[in-house]
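Got the model open in your viewer? Keep the selection tool handy and let's walk through it stop by stop.

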Amino acid sequence: MSMSHPPGLDLDQLRGHLDRERPGLVGGPLSGRLIEGGRSNLTYEVTDGAAKWVVRRPPLGHVLATAHDMKREHRVIAGLHPTAVPVPEPLLLCEDTEVIGAPFYVMEFVEGTPYRTAEELAPLGPERTRAVVLGLVDTLVDLHAVDPAEVGLADFGRPEGFLDRQLRRWGKQLDASRNRDLAGIDELHAALGRSLPASPAATIVHGDYRLDNVLVRQDAADGADRIKAILDWEMSTLGDPLTDLGLLVMYSAKLELPNSPISTTASAPGHPAPAELVERYATRSGRDVSAVSWYTAFAWFKLAVILEGIHYRYTLGQTVGAGFDRIGELVPVFIEHGLTTLQDLKEG
């Protein structure tokens, strides 16, 4: 990837805008690279040779600004930055599409590692791996402890009827991707609707909280691994905090799918079991987690819908890259996990 001309980011235009809005921030010519791209917001690392920053913008060619709202993402990070929740410092928001062709924002560059697989975690060893994952739970508790009103986010979402809207939204997503029979998925969707739990008091919800959406760095002073930043806030809102916990529990389950393009960190030596994560969250947050199986089943359903959408686009020839040909066969696995988890809730 070119450091001079990353796709979707005109560095000369960016430099001119930064010089106007934040004079003195940049000390030399900018170079940059695309860190993450695809259907989600694009993330770039930009440097003047002395300092580094991160730029976020919507996907190339994207026209529905509400689905990739830079102002909203910038707003939640700005609200959380003064709190105990680790987020990068936001430096600038630009809604003028004339600068680089889309709205964007700039934030500080945070050093750290996003652990995406068990293989990446394994070199840490069992003790450090355990501490990192438990720290992920503790950081989630800190996020859910923030009073939205105190950080200017009282109107950041509509908590009333949150779970019902979420279930209907993902049902519509499923309908938009239907081109084959999927045994059990309508049964799972209906069962989730019949057993909708009563939500606790609303909090700021991340929406995609998992280990590879945080940056971890070992402290040079005491050797402890700490979460330095939570990233990817594009799905954040005000809502039911246990949806974040359910997703974290789902990603902590052992999938046992050899050579799968979808993986979790759960099989890394020292990784705590889902039950321990739930117990730690309950103890530290004081929330009733007795319905966690519903939230976990909902997470399985959401991932099944997302994977089916990817498979649908693959059948239309709209995806490029390795592993997409196997996504379709994984969807029934996620459906089955969801149904089994809901059954555990009934039997419990």
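Start with a selection of eight names: Met-250, Tyr-251, Leu-255, Ile-262, Thr-264, Trp-300, Leu-303 and Phe-334, which line the largest cavity. Colour helix 7 (242–251) and helix 9 (292–315) as well, since these are the elements that give two or more residues to that lining. By class, the lining has seven nonpolar residues, one polar and no charged ones. The cavity holds about 30 Å³, and the count of cavities of 30 Å³ or more comes to one. Bear in mind that this is a predicted model.

Keep Phe-334 on screen and add Leu-30. How far apart are Leu-30 and Phe-334 in space? From C-alpha to C-alpha it is 44 Å, with their positions 304 residues apart in sequence.

Now zoom in on Leu-30. You'll find Leu-30 in the loop between helix 1 (11–21) and strand 1 (31–36). Is Leu-30 buried or exposed? Its relative accessibility is 14%, so with buried meaning under 20%, Leu-30 counts as buried. Show what surrounds it: leaving aside neighbours within four places in sequence, Leu-30 touches Leu-11, Leu-14, Arg-15 and Leu-18, along with Val-46, Thr-47, Asp-48 and Trp-53.

Next stop, the second largest pocket, with about 420 Å³ of space. Select Ile-35, Phe-109, Val-110, Leu-215 and Leu-231: of the 27 lining residues, these are the closest to the pocket's centre. Then colour strand 1, strand 2 (42–47), strand 3 (52–57), helix 2 (70–80), strand 5 (104–108) and strand 7 (214–218), each of which supplies at least two lining residues. Colour the lining by class and you get 14 nonpolar, three polar and 10 charged residues.

Stay with strand 3 and pick Arg-56. With a relative accessible area of 2%, Arg-56 is buried. Draw two distances from its side chain: a polar contact of 2.7 Å to the side chain of Glu-73, and another of 3.3 Å to that of Asp-232. Other residues in contact with Arg-56 include Asn-41, Thr-43, Met-70, Tyr-105 and Glu-234.

Finish on helix 4 (residues 126–145). Does its length match expectation, and what span should its 20 residues give? At 1.5 Å a residue they should span 28 Å, and the end C-alpha atoms are 29 Å apart, which agrees. For a last selection, pick some of the buried residues of helix 4, among them Thr-129, Val-133, Leu-136, Asp-138, Leu-140 and His-144.

Note on methods:
Residues are numbered from 1 along each chain as its sequence is written. This is a predicted model: local features need pLDDT of at least 70, side-chain atom pairs count only at pLDDT 80 or more; totals for chains, interfaces and linings use all residues. Side-chain values use heavy atoms; hydrogens and water are left out. Helices (H or I, at least four residues) and strands (E, at least two) are DSSP runs, numbered from the N terminus. Buried means under 20% relative accessible area, exposed over 50%, partly exposed in between (1.4 Å probe, protein chains only). Contact means heavy atoms within 4.5 Å. On a 1 Å grid over the protein atoms alone, a cavity is a set of points where a 1.4 Å probe fits but cannot get out, and a pocket is an open set with protein on both sides within 12 Å along at least five of seven lines; lining residues have an atom within 4 Å of a point. Grid points are joined across faces, edges and corners, and a volume is the space filled by probe spheres set on the points. Ala, Val, Leu, Ile, Met, Phe, Trp, Tyr, Cys and Pro count as nonpolar, Asp, Glu, Lys and Arg as charged, and the others, Gly among them, as polar. The expected span of a helix is 1.5 Å times one less than its number of residues. A polar contact is a pair of N or O atoms within 3.5 Å; within protein, one must be able to donate a hydrogen and the other to accept it, and residues adjacent in sequence count only if both atoms are side-chain atoms.
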